[in-house]
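Got your viewer open? Let's take a short walk, from the whole chain down to a few side chains.

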Amino acid sequence: MPSDVELYQRTYSTLLRSRGETKLRILESSHIAIESSLHPFAGAEELDLGAFLYATQRLPANIYQGRVVIMGQEEEQFAGVGLPLVDWPTTEAPARRRQWHEGPDGQWGVLLSSTSDVDDLVPTLVAYQIEWNKLRRKLRAIGWPRPQGLPGADECARVLGGSVDDWERLQEAWGTAFARRLGEVAETNLSLRVRMLGGSQVSYARLTRRWWAPVGQTMRDHSIGRDAPIYFVSSNTHSLVNLLSGDARTREADLVDWVQRAGARDLQDELAAFREERTAGSWNNFLYFLAREQAVSEPGPQTRRYAEAARGILHLNAESGLRVAAQVMPLNKLDPAAIDDRLGDVDAEALQASRAVLINIDYPLGLAAYNILREITEDRDTLRGVYVLGKAATLNADVGDVMISNTIYDEHSGTTYWLDNAFDFDAIAPYLRFGSGLDNQRAVTVRSTFLQNRNYLDRYYREAYTVVEMEAGPYCDAVYEIAEPDRYPAGEQVNFSKLPIDFGIVHYASDTPFTQARTLGARGMSYYGMDSTYATSIAILRRIFTLEGALS
């Protein structure tokens with residue numbers, strides 16, 4: 001890690017050891033000094049709307065009304081200092097699964113799942129405050145807020161700076177409150193404080209155990225024995241389920257009707273392209289995307305969950321501060337007729353005879369990945385495969401491409417892992433319509449999205465590291481402890497060629513910091529971004545079915 005980045009991290013880590021409140025402003029100079037690739041104009045007077053958007057979507061909408069952000073791992077820690085967190089209303093940010101509680105007197109309580117949350121949250125808060133106050137100065141300089149009239153993106157770009165596209169995205173993020181929010185920016189000099197409660201590894205381990213308890217109970221309730229083979233997948237909560245349940249495909253007529261009646265213009269255009277055979281996209285992927293969009297725009301009774309449960313797919317929302325949903329899928333409960341035909345000719349009898357269970361989780365952040373896999377393997381000793389599908393920044397590819405690494409360098413432990421990856425180009429390529437598949441890549445697991453700068457990325461690129469992500473290293477640390485009698489090493493080289501389990505890691509590119517300095521949080525990948533997700537999910541399921549003898 002570069003010295004300036006290390007200094008920044010050490011600064012906020014030591015400040016948070018204090019039992020009192022620390023002004024966030026103290027960290028602004030260190031934040032500016034690292035020249036983060038995600039926040040390149042932090043020290044300039046011009047607005048950095050890309051960084052502001054990124055931070056806005058990872059914080060509660062009303063965070064600017066707060067006075068202090070109090071961080072902890074468990075509700076008991078808050079109760080111990082007289083803060084009844086359980087009585088405070090809860091909320092989450094759009095682009096980061098983290099449990100926030102809004103208390104009285106400008107207090108915000110937030111539950112952390114690992115030290116990676118600290119590395120993620122603190123720089124995000126600093127970036128948000130820097131850009132908020134920049135925007136405040138610019139608004140006051142031109143006499144806003146105005147007594148009447150709603151400013152548009154074009155006008156904001158002309159008088160305040162920044163691109164029209166960025167202002168349109170900020171309008172979308174703030175919605176109908178856009179004009180009012182600009183007025184609140186002009187009137188509010190943001191000066192947040194932070195405070196840490198606890199922060200011990202024992203607390204994080206206890207939090208993870210509470211997360212796993214209902215998953216283990218669900219397995220017992222459905223007669224899944226402790227000797228059942230387990231395939232663990234870290235991905236998302238939609239792709240595997242859509243491929244296995246068939247729910248979206250059975251609702252095809254209703255989804256098409258919804259697009260024609262209330263869908264976004266780009267979805268209507270894509271539907272027309274399918275009908276006129278002008279697109280290379282996958283019709284099933286399109287239906288899966290429509291199902292998600294409809295659920296967001298027309299929330300109602302979650303009939304989808306009942307349909308999934310009828311096909312043996314059990315969904316568990318997070319009940320603790322570790323905001324990671326889980327799905328339990330006994331393979332012998334799946335309906336072969338409902339499975340996406342891209343998985344191939346599934347042997348129904350072999351699937352029915354399988355005793356294995358697939359446990360899929362919504363990918364965690366950073367070191368929470370190590371805690372989760374470690375907890376599962378402490379409770380169960382029948383793990384047969386671990387598969388990681390995550391998103392990453394790419395230094396040599398494009399958004400939507402799939403990257404398969406055989407080398408992982410973990411910044412947390414300083415250890416390099418050499419993988420015999422369960423996946424390669426041939427496993428992914430047949431199912432890609434828009435992106436490219438790149439195997440034999442090298443990945444680096446970083447501590448935070450903000451704790452990177454151009455020199456930092458250049459150094460890794462010169463050593464042929466092209467994938468920048470946050471979970472693979474901790475997963476490798478946990479896998480090491482499955483295979484070896486000691487704790488994962490620090491600063492060593494580890495050969496994973498002979499593991500007792502099947503192990504595969506794949507990433508899809510969500511941003512390209514070298515060329516665009518924009519992230520998925522600022523612009524989104526839309527329907528086309530699902531191409532890489534489903535191509536990889538198909539490969540994972542085919543791997544599992546093959547190992548279970550249900551796919552030749």
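A residue counts as buried when its relative accessible area is under 20%. By that rule, 58% of the 552 residues of the chain are buried. Keep in mind that you're looking at a predicted model.

**Stop one: the whole chain.** Show everything as a cartoon and you'll have 22 helices and 17 strands on screen. Turn the C-alpha trace around: along its principal axes it spans about 70 × 60 × 50 Å. The radius of gyration is 24 Å, which agrees with the value near 24 Å that a compact globule of 552 residues would have. Now switch on the surface. About 22,500 Å² is exposed, and carbon and sulfur atoms supply 46% of that. As for contacts with a separation of 6 or more, 78% of them are between residues 24 or more positions apart.

**Stop two: Glu74.** Select Glu74, in the loop between β2 (68–72) and α4 (75–80). Is Glu74 buried or exposed? Its relative accessible area is 5%, so Glu74 is buried. What does Glu74 touch, leaving out residues up to four places away in sequence? Show Leu111, Ser203, Arg206 and Arg210 to see those neighbors. Then zoom in on Arg206, whose side chain is joined to that of Glu74 by a polar contact of 2.9 Å.

**Stop three: two cysteines.** Select Cys156, which is buried at 0% relative accessibility. Next, jump to Cys476, also buried, with a relative accessible area of 0%. A disulfide is a covalent bond between the sulfur atoms of two cysteines. How many disulfides does a search of the whole structure find? Zero.

Notes. Residues numbered from 1 in each chain as written. Predicted model: local features only at pLDDT ≥ 70, side-chain atom pairs only at ≥ 80, totals over all residues. Heavy atoms only, no water. Helix = DSSP H or I, 4+ residues; strand = E, 2+ residues; numbered from the N terminus. Buried < 20%, exposed > 50% of the residue type's maximum accessible area, 1.4 Å probe, protein only. Polar contact = N/O pair within 3.5 Å; in protein donor to acceptor, adjacent residues only side chain to side chain. Contact = heavy atoms within 4.5 Å. Disulfide = S-S within 2.5 Å. Rg over C-alpha atoms; globule rule 2.2 N^0.38 Å. Areas by Shrake-Rupley, 256 points an atom, 1.4 Å probe, with all protein chains shown as cover.
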